[in-house]
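Reader: I am new to reading protein models and would love a close look at one part. Could you walk me through a group of aromatic rings and what lies around them?

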Amino acid sequence: TLVNRVVLHLVQAIRGKDSCFGSIERQSAGSYYEHVKITEPNEFDIMLVMPVERIQLDESDDTGAYYYVSFKRNPKEKGWSKFLEEDGKLSAFKMLQALRDIIKQEVKNIKDVEVTVARKKAGSPAITLQIKNPPSEISVDIILTLEVQQSWPLSTQGGLKVEQWLGTKARRNFRFRSLYLVAKQNKREKVLRGNTWRLSFSHIEKDMINNHGNSKTCCESDGPRCCRKGCLKLLKYLLEQLKMKYPKELEKFCSYHVKTAFLHSCVTWPNDSDWHLGDLDHCFQQCLGFFVDCLQRSQLTHFFIPQYNLFSLEDKARHHFLSRKISHELNNGFPVFHE
């Protein structure tokens with residue numbers, strides 16, 4: 001309720017302050033909204049989605065995930081020009097900066113709750129709010145997102161292999177959905193200009209996780225129940241606990257890594273009968289085994305962009321460190337859960 005109140009206030013203010021942001025809509029993403037959060041709900045991801053029309057996407061590297069965005073026609077709204085580079089590229093950096101400035105001013109006008117804007121984290125696409133909620137604090141990541149109704153880039157063609165799991169029709173319907181791009185710095189750019197955007201599929205991931213059954217009735221009120229969400233919760237929780245224990249060694253890992261491994265596991269074991277509710281222990285260990293295998297090979301393929309390896313080869317030592325820690329947990333009955 002508190003988060004909703006703060007975000008609603010901000011969205012209304014943002015729309016009024018800059019005409020380019022006039023059609024911004026909020027959309028919820030992340031584990032709280034996928035109903036896979038285990039611990040206290042103290043972290044929220046909110047996407048501020050801006051519809052844009054007729055854009056051209058140019059790959060900024062060979063991952064197939066990062067793009068430069070430019071308009072095919074001059075936007076009707078004149079205000080956009082301040083966000084364009086000399087070469088016509090839409091600058092993620094300039095847009096984030098403008099949004100951040102509006103939010104920093106506006107949080108001062110939120111009465112009866114203390115909200116501050118956290119310092120910028122290098123390379124993070126989020127503007128992070130800290131909301132005081134005694135005795136603790138809630139953090140809200142606001143992510144600037146462009147939404148465009150056009151076909152997905154070529155790099156996604158061989159991804160989203162859900163035919164055996166969710167069906168061919170589901171895959172086709174997903175691929176007709178809008179394309180999302182989040183303001184994200186591409187570290188592999190030769191000159192870091194901050195004008196790259198990264199494809200985001202969080203809206204599709206949320207749908208797949210919430211409608212995860214091979215049969216349509218899986219986990220419905222009168223349907224059979226499965227343990228898929230339970231597995232994802234445990235995977236995320238295990239990584240969270242290990243990150244708290246080894247913050248330096250594991251700083252490069254995030255919950256998106258285990259979520260991707262989980263989605264691949266759903267494809268590897270596509271039937272609801274592979275995920276009986278009573279088999280949580282076995283299924284969780286099976287997913288973990290898959291993830292450990294990815295770590296040992298330093299190869300975790302992006303679920304939607306098959307040419308994109310989410311594990312950087314220069315982090316091999318870190319991958320092996322995490323794989324050893326997880327194997328230790330697996331072989332010793334997960335001591336980290338009891339600490």
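Author: Let's go straight to the cluster that ring pairs build from Phe21, Phe71, Trp80 and Phe83. Here, rings of Phe, Tyr and Trp (its six-membered ring) pair if their centres lie within 6.5 Å; planes under 30 degrees apart count as stacked, over 60 as edge-to-face and the rest as tilted. This is a predicted model, in which local features need pLDDT of at least 70 and side-chain atom pairs count only at pLDDT 80 or more, while totals for chains, interfaces and linings use all residues. Residues are numbered from 1 along each chain as its sequence is written, and side-chain values use heavy atoms, with hydrogens and water left out.

In total, the structure has 14 aromatic pairs. One of them joins Trp80 to Phe83 edge-to-face, with 6.2 Å from centre to centre and 80 degrees between the planes. Are these two rings buried or exposed? Buried means under 20% relative accessible area, exposed over 50%, and partly exposed in between (1.4 Å probe, protein chains only). Trp80 counts as buried because its relative accessibility is 7%, and Phe83 is buried too because its value is 2%.

Phe83 has a charged partner as well: the charged end of Lys82 sits over its ring, 4.6 Å from the centre. For this, NZ of Lys or CZ of Arg must be within 6 Å of the ring centre and within 35 degrees of the ring normal. Elsewhere, Lys89 places its charged end over the ring of Tyr68, 4.6 Å from the centre.
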